[in-house]
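Work through the exercises below with the model in view. Try each task before reading its solution.

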Amino acid sequence: MDADTRKDRDLGQEKVVGSSALVACPLARDRAIRRSADTSSSSFSRLHRHAHIYAGLFGILIALTLVLVWFSRTGDIWLSPIQEIDAPSHYYFIRKLLRNGLSVALTLNPNDSFYPPLFHLLVYGIMRLCALFGIDITIFAGVNLIWIAYAGLIFPMGMLLWTSYFLDGLCTWQRCLLSAAVPILSVISAAFPYWTLSAGPLFAYGLGTALLPFALYAGLRLIDAVTAERADGPRHILQWAIVNIVFGLLVMLAHPRVAFTYLVLIGFFVLFRLPWRWILAALGGLGVAVLFFALYVMRRDHGKDFLHPSNWFHTYQPTRSLSEAFRIVITDFLPGISGLAMAVCLVLSIVSALALSGRRFKDGLALVLSYVLIGVIFVCAAAVKGPLANVLTAAWYRGETRPLTMIPLGVVPLLVFGMRCLFQYRPDTNKRSFVSVLYREYGSNFVVVLLLVCLTTAACFFNPTREAVASSVARNTGFTKTDQSEQLTDRKRQVLSQVNQLVGPHSTVIADPLNGSMYGMTLYGIDMLYPVYNPMDTKNGKVFGQVEHAFASGDPELMLSTTCPVTTSYDKGAENRTATPTNKYLLTMGDQASDLQMFTYKAQYYPFHNQALFDRYIKSGALQKIKDFGSPVGGSQPWELYRLSCS
């Protein structure tokens with residue numbers, strides 16, 4: 001039988017369908033069996049090939065669960081604001097967007113200067129989206145949803161992507177184990193993301209940090225594209241350059257200072273792996289960026305002695321001892337047994353990254369040095385005074401608040417890389433004993449699995465530091481306080497609620513923000529002249545100092561002529577004369593809060609506590625008392641609302 005005849009017969013047999021056809025045609029049955037076997041093999045191969053992805057998704061689910069369980073212990077955070085020094089600023093930015101729309105996205109500060117808007121735009125977006133479906137959520141709920149999204153999803157996903165760069169050469173189960181562990185390891189430390197709710201809070205900076213691993217992965221891929229010898233090299237470089245630009249813009253819109261953390265983590269890879277001409281180009285670009293940043297800071301913080309680092313941050317005081325700062329670095333801010341397990345894993349990872357990394361020694365060295373540099377920055381920020389410490393930590397506002405969030409970014413990839421090296425380690429021995437063969441085949445695997453299980457279990461279930469952060473957040477979202485001098489108490493909330501009812505929608509209320517009056521904007525959207533503790537006098541902020549000096553002058557005519565025409569950037573309708581401005585009010589609400597005394601320039605608000613000035617303005621008719629809220633026991637100033645006699 002020739003080939004064409006056989007082909008025609010085979011094709012004819014394949015047209016027969018059904019079980020009877022398979023019985024009648026052995027050839028078709030055999031082919032069906034082979035196709036079924038091939039399909040099963042293909043499905044298994046596909047599952048095997050993507051197993052590490054499923055393991056990573058499982059790890060992300062566990063990470064999100066950990067974040068949600070922790071968040072459930074943070075008190076009344078869904079219904080009330082976090083009472084930290086920077087919290088009113090973030091709530092103000094969102095309210096400004098809700099009132100004026102996207103036109104103010106690049107001028108969020110009270111003086112109309114730039115503040116990175118990405119976090120606040122996301123909150124604004126989710127609130128508007130919910131409104132489209134008839135769901136009214138509070139500004140506090142919107143903030144919480146975005147925080148949960150970047151803490152429990154975006155950050156673990158980014159860390160998984162970034163660390164996947166170091167997982168080549170592993171067998172399937174080893175890569176699956178590390179892929180499942182990375183998202184969990186990313187959220188076990190109190191340093192990040194939980195710390196961002198307790199300190200500051202660092203809403204915008206936290207979002208930038210959560211996006212940072214994506215930018216780091218893109219940066220490493222760009223380095224690969226530059227150093228690879230490929231026929232389509234320029235196109236490949238251009239593709240990854242575009243990806244880097246996109247993530248760079250996202251990070252800058254989230255918080256520009258996260259770029260300094262990016263430099264700490266990517267810098268050693270650039271130095272060790274790129275050709276010299278690329279290194280020089282990168283250093284040149286960095287120099288230009290640093291120059292522009294320095295000019296910006298000098299313009300914003302004018303009047304300071306920038307040429308003498310020893311005079312920077314003259315009010316700084318260490319917040320931790322040296323030993324405590326070192327312990328936090330080596331334990332990833334984990335306490336007790338979980339901290340000990342982390343320290344053991346880190347030491348083994350450092351040794352294996354330097355001694356067992358083989359052809360990827362440069363990557364291991366870069367990860368170790370990045371971790372060490374992060375540790376030095378944190379120790380200087382938390383426990384060291386002096387000009388060198390001032391220079392090293394200036395980019396992160398000198399204190400420990402932001403450097404602490406960097407530690408997991410140095411720890412997790414180093415752990416992953418070290419475990420990878422241990423997985424691949426096979427001792428070179430000629431011994432053929434059962435024990436030596438067993439260790440060579442299974443010993444390192446057993447060590448890595450045991451370490452990861454002990455570490456993740458201890459950190460997930462025995463972590464009092466993380467619980468202490470949750471308790472701190474819960475305390476800072478409540479109104480019942482034992483110390484009535486704190487920035488927001490139940491009595492202050494009641495007074496601000498009454499003020500909101502007494503003043504009109506386009507009225508401006510003047511008060512010292514440090515006594516807690518700035519929460520009038522946070523809670524009720526009252527147009528406070530000082531909606532944040534430091535509205536800054538640059539750009540359109542001259543009015544803040546002018547009102548303070550005019551009130552301090554004791555001259556009723558000067559005070560009224562300066563204060564009455566004032567319009568705030570929050571109320572664009574009044575500013576553009578599309579709405580009729582109503583009254584100007586002045587609120588006294590007690591002394592400056594005890595927990596806001598760290599503000600360096602608190603004296604600028606002292607005139608609003610001078611009762612002699614109030615008496616003079618009342619006597620002259622410049623001020624008219626509207627409401628007396630009573631004087632708390634031990635208070636040095638009555639709590640009262642006045643209306644300015646503006647014509």
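**Exercise 1: the sheet**

Task: find the strand order of the open sheet and its edge strands.

Solution. Four strands make an open sheet with mixed pairing, in the order 1-2-4-3. Strands, like helices, are DSSP runs numbered from the N terminus (E, at least two residues; helices are H or I, at least four). Two strands pair if DSSP finds at least two bridges between them. Strand 1 (508-510) and strand 3 (623-628) are the edges, each pairing on one side only. From one strand to the next, the twist averages 30°.

The model is predicted: local features need pLDDT of at least 70, side-chain atom pairs count only at pLDDT 80 or more, and totals for chains, interfaces and linings use all residues. Residues are numbered from 1 along each chain as its sequence is written, and side-chain values use heavy atoms, leaving out hydrogens and water.

**Exercise 2: strands 1 and 2**

Task: how many bridges join strand 1 to strand 2, and which residue stands opposite V509?

Solution. Three bridges join strand 1 to strand 2 (residues 584-588), and the two run parallel. Opposite V509 is Y585 of strand 2.

**Exercise 3: a helix pair**

Task: describe how helix 4 and helix 8 are oriented.

Solution. The axes (lines fitted to C-alpha atoms over the stretch in contact, with angles from 0 to 180 degrees between N-to-C directions) of helix 4 (residues 51-71) and helix 8 (residues 172-186) come within 7 Å and cross at roughly 20°. Helix 4 is therefore roughly parallel to helix 8; angles under 35 degrees count as such.

Definitions and conventions:
Angles under 35 degrees count as roughly parallel, over 145 as roughly antiparallel, 65 to 115 as roughly perpendicular and the rest as oblique.
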